[in-house]
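Trainee: I'd like to learn how to read a model with more than one chain. Could you walk me through one?

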Amino acid sequence: MFLPDGSQDQIGKILLKKQHVYQIFNDVAVSRGFKAIETPVIEYADTFTNPHVGMPFQQLLKWFDREGAIEVLRPDWTTAIARALMKLNPKESKWFYQGSVFTQDKDGIESRQAGIEMIRTAPIEGEIETLCFAIDYLSAVDVSDYVIELGHTGIYETMIAPLSLTPDEETKLRQAMHDKRQDVVKDLTQNNTRVQQQLLDLIDAYGDVSILDRYKVKYQDDDTIVTIIKELTQLVNVLEQLGIDQTIVDLGRVKQLPYYSGTMFRGYLTTSGEECFSGGRYDKLYQQFNQSIQAIGLAFDVDVLAGSVQVEELSRVAIIASEETHVLAELKRRTMTDKIVDVVYSEPNEKDYETIIDLRNEGAK
Amino acid sequence: MKPVIALTKGRLEKQFLNYYQSLGYDIEPLTDKGRKLRVDTDDFQFIFAKGPDVATYVQYGIADLGIVGGDILAECQPDVFDLFPLPFGACRMAVATEEGKVWSNGKKRIASKYTGITKAFYKEKGESVDIIKLEGSVELAPILGLSDAIVDIVETGNTLKENGLVVEEEFMQFSARLIANRSALKIKREELKPVIDRLKPNGGNEHD
C-alpha cells in the first residue's frame, strides 16, 4: 500500500530524535514560564483564509461538513491559537504548542512544529524574550551551527507609501521583492525613480549587520526607518551579548502573511542551509476580533531539528531468565533505571547488548 | 566548498558559455567536458541539467545558483530567488495557429508544453479553453488537427513558418535568468556575491 507524497512511517532513531526535540522544547518552555495550549486538528477554513489572515485557500486540506461548511486540517498554529485565546480569554500571556500542521506544498502535507506565542507583549521586550528563547532552546538540543536573520516589515512599507499602488500592483511588487527580482521591481516603480532606487538598494540589503550602520546614515532623515534600524541594532547587540555573533539581516525581506507588523526573524542551520525556526511580530492578527493586542511568536521546524540533533543512546542490558526466574529478573531490571533492559528466555545476540546477565539458574539455588 | 552553479543544457548552455567567457572566465573545462554532467573549475562546480531540473536543484539547495530560461520559471514557479535577466536566450511566448484559421464558436483546444502559462493566460483573458499537454514538436498539433492552436516559445519564428503556422498573439517576453537558492544566497553571501555581481549585465552598476 502506498502513502501520499511526503507522508512517512517512522521507527527507530529518527523517532527518538523527534521525541527528544519535543521533550526538550516542553522542558525549556515550562521552565521559562510558558503554558501549554493545544487547538483541534480540524477547524473551519475561514479561520485561516479570511482577509486578516490571508492563507491561500488552495494550500489547505479541506472538505465539506454535513452543513456544507468547509473544514480544514490545521494549517497554522499562530492563527488557531489567536482564535482560541480570544474565546478562552485566559489571563496568561505566554503560550507554547507542539504538533503537526497540514498544507499542500512541495514538501508534502504534514510538518511538525513546536513554538511559542506571547500576547500583550510590547516591542523589544517581546522580541528579546523570543530570541532568547530560541537561543536557549537550540543550546538545550545541542544545535550550535546556526545563523539568525533579522528583518522588519516596516522598511519596505515606509518606502512604498508614496507610490499609492492598487492592491494588485502592491501584490506584484511584494512578490517581486520576495523573489529579489530586480528587473520587475524596476518596472513596477518606474513612475517614481527615488522609490525605485531605494527598493533596488533594499533588495540587496542582506548580509552582515554592517548594513544597519549604512542604513542608519542613508535614512537619517526618515524617523520611521531610523527607529526600525535602532530596534534591529538593539536586538543584534542583545544577541552578541548572548554569544551569537553571526547575526545577519535582510532589510528587503517582505511579509508573506498580511498580519505581520514588525520584526521578522528566522534561523538557518549553517551546514544544510535549512530553516530551523521562523517568527516575528504580528500586532495586526487580533484586529479580526476587534481587539488591539500586541503579539509575537516563533515556531521551530521539528523535522529539521530532528534531522540534526544527536541523541545519546542508553546502554543495553539483556537478562536471561526462565519462567522460574522471570520475577527475579524483573526485580533486577527495576534497579537499572538508566539502562535499556530486555528480559529474554534464550541466549541473545551478543552484538546487541553491552551487558548480558544470566539468571536462568538463580531460582534453583 | 565551492559554490555550485546549475546550467541548462543545450542551446542556453552555449549562449551562457559565450557570455561567461566574455566576462573573462576560463570556459575550457566547461567546453571539454565530454559527457560529464558535473565539472569542477577553479572557482565553481557546475552541474548540467534540463531547465526545469535546474530550477529544482536550486530550490532544494543542491545548487546555489542556476542559469535557466524565464519561460521555465514562469511555468514551474520554483521557490527560489529570481535575481535578474541575463543578456541571452531571448524568446517570446505566443499563441500560434494555421494560417487563415477560421475559429469555430466552440471551446478552443490549445496544445502546449507550457500548460501552466497557457492556463494563466486564458484565465486572465476570461476565456475557457481545453489544454492538451505535449512534450515537444507542438507545431504538429494544429496541423494534424489535435488542437486549434498552440502556445509555445518563439525565437526567430522559422519553425512556425516552415510548418505553416502564424503567430496569433504574443503575450510574454523572456530571457535567461540567474536564480539563487533562498538560504544559500544569505548564508553563503561572501562566496556568491562576487559572481552574482559579475554576471549582472552592465557589471551591476545600475544603481548606487
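**Reading the chains and their contacts**

Mentor: Sure, and let's begin with chain B, whose secondary structure comes to nine helices and eleven strands. Keep in mind that this is a predicted model.

Trainee: What box do the C-alpha atoms of chain B fill?

Mentor: Along the principal axes, the C-alpha atoms of chain B take up roughly 60 × 35 × 30 Å. Of the 208 residues in chain B, 49% are buried. Sequence separation is worth a look too: among contacts in chain B with a separation of 6 or more, 70% join residues 24 or more positions apart.

Trainee: Which domains is chain B divided into?

Mentor: There are two entries: domain 1 covers 4–89 + 175–204, and domain 2 covers 91–173. Notice that domain 1 of chain B is written as two segments. The C-alpha centres of the two domains of chain B lie 29 Å apart.

Trainee: How do I read the size of the interface between two parts?

Mentor: The general idea is that interface size is often given as the accessible area lost when the parts come together. Here, domain 1 and domain 2 of chain B bury about 620 Å² between them, with carbon and sulfur atoms giving 48% of that area. On the domain 1 side, Arg11(B), Asp71(B) and Glu75(B) lose the most area to domain 2, together 69% of what that side buries. As for contacts, five residues of domain 1 of chain B meet nine residues of domain 2 of chain B.

Trainee: How many salt bridges does the rule find across the interface of domain 1 of chain B and domain 2 of chain B?

Mentor: One. Arg11(B) forms a salt bridge with Glu155(B), with the closest N and O atoms 3.1 Å apart. Six residue pairs are in polar contact between these two domains, counting pairs with both residues at pLDDT 80 or more. Helix 4 of chain B gives three residues to the domain 1 side, the largest share. By class, that side divides into one nonpolar, one polar and three charged residues.

Trainee: Let's stay with helix 4 of chain B. Is Ile72(B) buried or exposed?

Mentor: Ile72(B) lies in that helix, which spans residues 70–76. Its relative accessibility is 15%, so Ile72(B) counts as buried, because the cut-off for buried is under 20%. Leaving out residues up to four places away in sequence, Ile72(B) touches Gly51(B), Pro52(B) and Gln77(B). You can also compare sequence and space: Ile72(B) and Lys50(B) are 22 residues apart in sequence and 10.0 Å apart from C-alpha to C-alpha.

Trainee: Now for chain A. What does its domain assignment give?

Mentor: Domain 1 of chain A takes 1–144 + 277–313, domain 2 takes 146–270 and domain 3 takes 316–364. Taken over C-alpha atoms, the centres of domain 2 and domain 3 of chain A are separated by 62 Å.

Trainee: How many residues of helix 5 of chain A are buried?

Mentor: Six of the eight residues in helix 5 of chain A (residues 153–160) are buried, so to speak mostly covered. The buried ones are Thr153(A), Gly154(A), Ile155(A), Tyr156(A), Met159(A) and Ile160(A). Their cover includes strand 7, helix 6 (167–178), helix 8, helix 9, helix 10 (223–241) and strand 10 of chain A.

Trainee: And what area do chain A and chain B bury between them?

Mentor: About 2,100 Å², with 44% of it on carbon and sulfur atoms. Chain A brings 26 residues to the contact and chain B brings 23 residues. The count of salt bridges between the chains is six; one of them joins the side chains of Lys186(B) and Glu149(A), at 2.6 Å from N to O. On the chain A side, the elements giving two or more residues include strand 7 (146–152), helix 8 (193–203) and strand 10 (263–269). That side of chain A has six nonpolar, six polar and 14 charged residues.

Trainee: Where is Ser183(B) found?

Mentor: Look in the loop between strand 11 (176–180) and helix 8 (184–187) of chain B. Ser183(B) counts as buried because its relative accessibility is 10%. A polar atom of the Ser183(B) side chain lies 2.7 Å from the backbone oxygen of Gly273(A). Leaving aside neighbours within four places in sequence, Ser183(B) is in contact with Tyr268(A), Gly273(A) and Lys188(B).

Definitions and conventions. Residues numbered from 1 in each chain as written. Chains lettered and ligands numbered in written order. Heavy atoms only, no water. Domains from an automatic or database assignment. Contact = heavy atoms within 4.5 Å. Buried area = accessible area lost by both parts, 1.4 Å probe. Salt bridge = Lys/Arg side-chain N within 4 Å of Asp/Glu carboxyl O. Helix = DSSP H or I, 4+ residues; strand = E, 2+ residues; numbered from the N terminus. Nonpolar A, V, L, I, M, F, W, Y, C, P; charged D, E, K, R; others polar. Buried < 20%, exposed > 50% of the residue type's maximum accessible area, 1.4 Å probe, protein only. Polar contact = N/O pair within 3.5 Å; in protein donor to acceptor, adjacent residues only side chain to side chain.
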